[in-house]
Amino acid sequence: MRHKTVLIGLGVCLFFLLSNFCFAQFPAQDTGDHGAMDTIYISCTAPDFFEKDSIRVSFDLMVWTDASLPNEYIVGWDRALIMTSSNPGAAAKVIIDERANGPVYKGTAVGVPNDWQARFNSSIPPSGVLPATVIYGAIQDLLPPQNAGPSLFYGRRILAHIIIIVKDTTTIHIDSTSTETASLHWVRNDAVGYEPLWIQSFCPVTPLACLYKPGDANGDGKVDLGDLIFIVNRVYKGGPAPVFECQADLNADKIVTMLDVVVAVNYLFKGGPPPLKSWTCCL
Ligand SMILES: [Ca+2]
Ligand SMILES: [Ca+2]
Ligand SMILES: [Ca+2]
């Protein structure tokens, strides 16, 4: 009986641990955040775009606020986001978009989108290769003669598009909670700063489909001399690229070089191993 009680107790605690309720404290609402707790989070639902040798995925940095009084409107924000990729082989890289009028501030906002006057993005490391700490932010231009434009208030909006290039299936984890400091991340119209609740996100990148045969550089369905010529032209004469780079990347190191020519020659004429499957070339 005692054992049973202990087991039930352990089970209950395990349940709460898994539920993250056992020891985690419910986050306290910042005193500068009135009404319901404002939240920021990543939306993983943006479509993926296949490129030549990679997938371009974009995640939306979202905000929800119930600020409804003019002094509570949000006029500036910045956020350091830690981004990691579960698959190092995916060579995930965030694209730093420094356009002042980037695709920010969309959603249910009243007024003209993209009229925040400044936006800054930077990354550590600067290459943007994950794991990286990436900073996004925007501030309204409050000084005349510029029109300040609308502030952020009641509603749900896209603050920024986070664009990440990946070369393989992976899961992108975007976290901000571990970078929190006492600095102000959110500034109201009355110059009061506060910290909205950050919600962590895990975003799986679309699994790949097998579309091409490795070594079939010219895409005619066969691996033969025509492909060797195609790759030689590509490597030595700046010839056309295959539809997907992996068709000519026979050693699967994600770059087309002389080494791929060697693999092709060995395979076609010396009984060497077949081209390696990689990326979308996995038929
Ligand atoms: Ca609020
Ligand atoms: Ca071929
Ligand atoms: Ca290669």
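Trainee: Which residue in β9 is the bridge partner of Asp78?

Mentor: In this predicted model, Asp78 has Gly137 of β9 as its bridge partner. Now step back to the strands: β4 and β9 run antiparallel, with 8 bridges joining them.

Trainee: How many bridges pair β8 with β9, and in which sense?

Mentor: Strand β8, residues 122-124, pairs with β9 over 3 bridges in the antiparallel sense. To find a spot to look at, go to Ser122, which stands opposite Ile135 in β9.

Trainee: Where do the side chains along β9 point?

Mentor: Start with the general idea: in a regular strand, side chains alternate between the two faces of the sheet. Now the case here. Ala132, Val134, Tyr136 and Ala138 of β9 point to one face and are buried. Thr133, Ile135, Gly137 and Ile139 point to the other face and are not buried.

Trainee: What about the nonpolar core, and which residues have the most contacts inside the largest one?

Mentor: As a rule, nonpolar side chains in soluble globular proteins tend to be buried together. The largest nonpolar core in this model holds 33 residues, and Leu61, Met83, Val94, Ile164 and Val166 have the most contacts inside it. At least two residues of this core come from each of β1, β3, β4, β9, β10 and β11. Another core, of 9 residues, lies apart from it, with Leu228, Ile231, Ala248 and Val256 among its members.

Trainee: Which residues does Leu61 touch, leaving out those up to four places away in sequence?

Mentor: Leu61 touches Ile40, Ile42, Tyr136, Leu159, Ala160 and Ile162. You've already met Tyr136, on the buried face of β9.

Trainee: Let's try Asp175. Why does it count as partly exposed?

Mentor: Asp175 is partly exposed because 17 other C-beta atoms lie within 10 Å, and a residue needs 20 or more to be called buried. Asp175 lies in strand β11. Its contacts, leaving aside neighbours within four places in sequence, are Ile82 and Gln200. Asp175 also shows how a chain folds back on itself in space: Asp175 and Met83 are 92 residues apart in sequence, yet 6.5 Å apart from C-alpha to C-alpha.

Trainee: And where is Gly32 found?

Mentor: Look in the loop between α1 and β1. Gly32 has 17 C-beta neighbours inside 10 Å, so it counts as partly exposed. Setting aside residues up to four places away in sequence, Gly32 touches Arg188, Val192, Gly193 and Tyr194. Glu195 is 163 residues away along the chain, but its C-alpha atom and that of Gly32 are separated by 7.8 Å.

Trainee: What share of the contacts with a separation of 6 or more is between residues 24 or more positions apart?

Mentor: Those account for 72% of such contacts in the chain. While you're on the whole chain, note its 3 helices and 15 strands, and that buried residues make up 31% of its 283 residues.

Trainee: How do I read the backbone angles?

Mentor: The general idea is that most residues other than glycine have a negative phi, and most peptide bonds are trans. This model has some exceptions. Ala91, in the loop between β4 and β5, has a positive phi near 50°. Ala191 also has a positive phi, about 70°, and lies in the loop between β12 and β13.

Trainee: Is Ala191 buried or exposed?

Mentor: Exposed, because 10 other C-beta atoms lie within 10 Å. Ala91, with 17 C-beta neighbours inside 10 Å, counts as partly exposed.

Trainee: Which peptide bonds are cis?

Mentor: One of them joins Ile124 and Pro125, with omega about 0°. Another runs from Leu130 to Pro131, with omega near 5°. Pro125 is found in the loop between β8 and β9, and so is Pro131.

Trainee: What is the mean pLDDT of the chain?

Mentor: The mean is 79, and 73% of the residues reach 70 or more. Among the elements, helix α3 has the highest mean pLDDT, 98, and strand β6 the lowest, 39. Where pLDDT is low, the predicted coordinates should not be read in detail. Over residues 12-24 pLDDT stays under 50, and the model has 4 contacts beyond four places in sequence for them. Residues 100-115 also have pLDDT below 50, with 36 contacts in the model beyond near neighbours in sequence.

How values were computed:
Residues numbered from 1 in each chain as written. Chains lettered and ligands numbered in written order. Predicted model: local features only at pLDDT ≥ 70, side-chain atom pairs only at ≥ 80, totals over all residues. Helix = DSSP H or I, 4+ residues; strand = E, 2+ residues; numbered from the N terminus. Buried ≥ 20, exposed ≤ 12 C-beta atoms within 10 Å, placed from the backbone. Contact = placed C-beta atoms within 7 Å. Core = buried A, V, L, I, M, F, W, Y, C linked by C-beta atoms within 7 Å. Pairing = 2+ DSSP bridges. pLDDT = per-residue confidence, 0-100.
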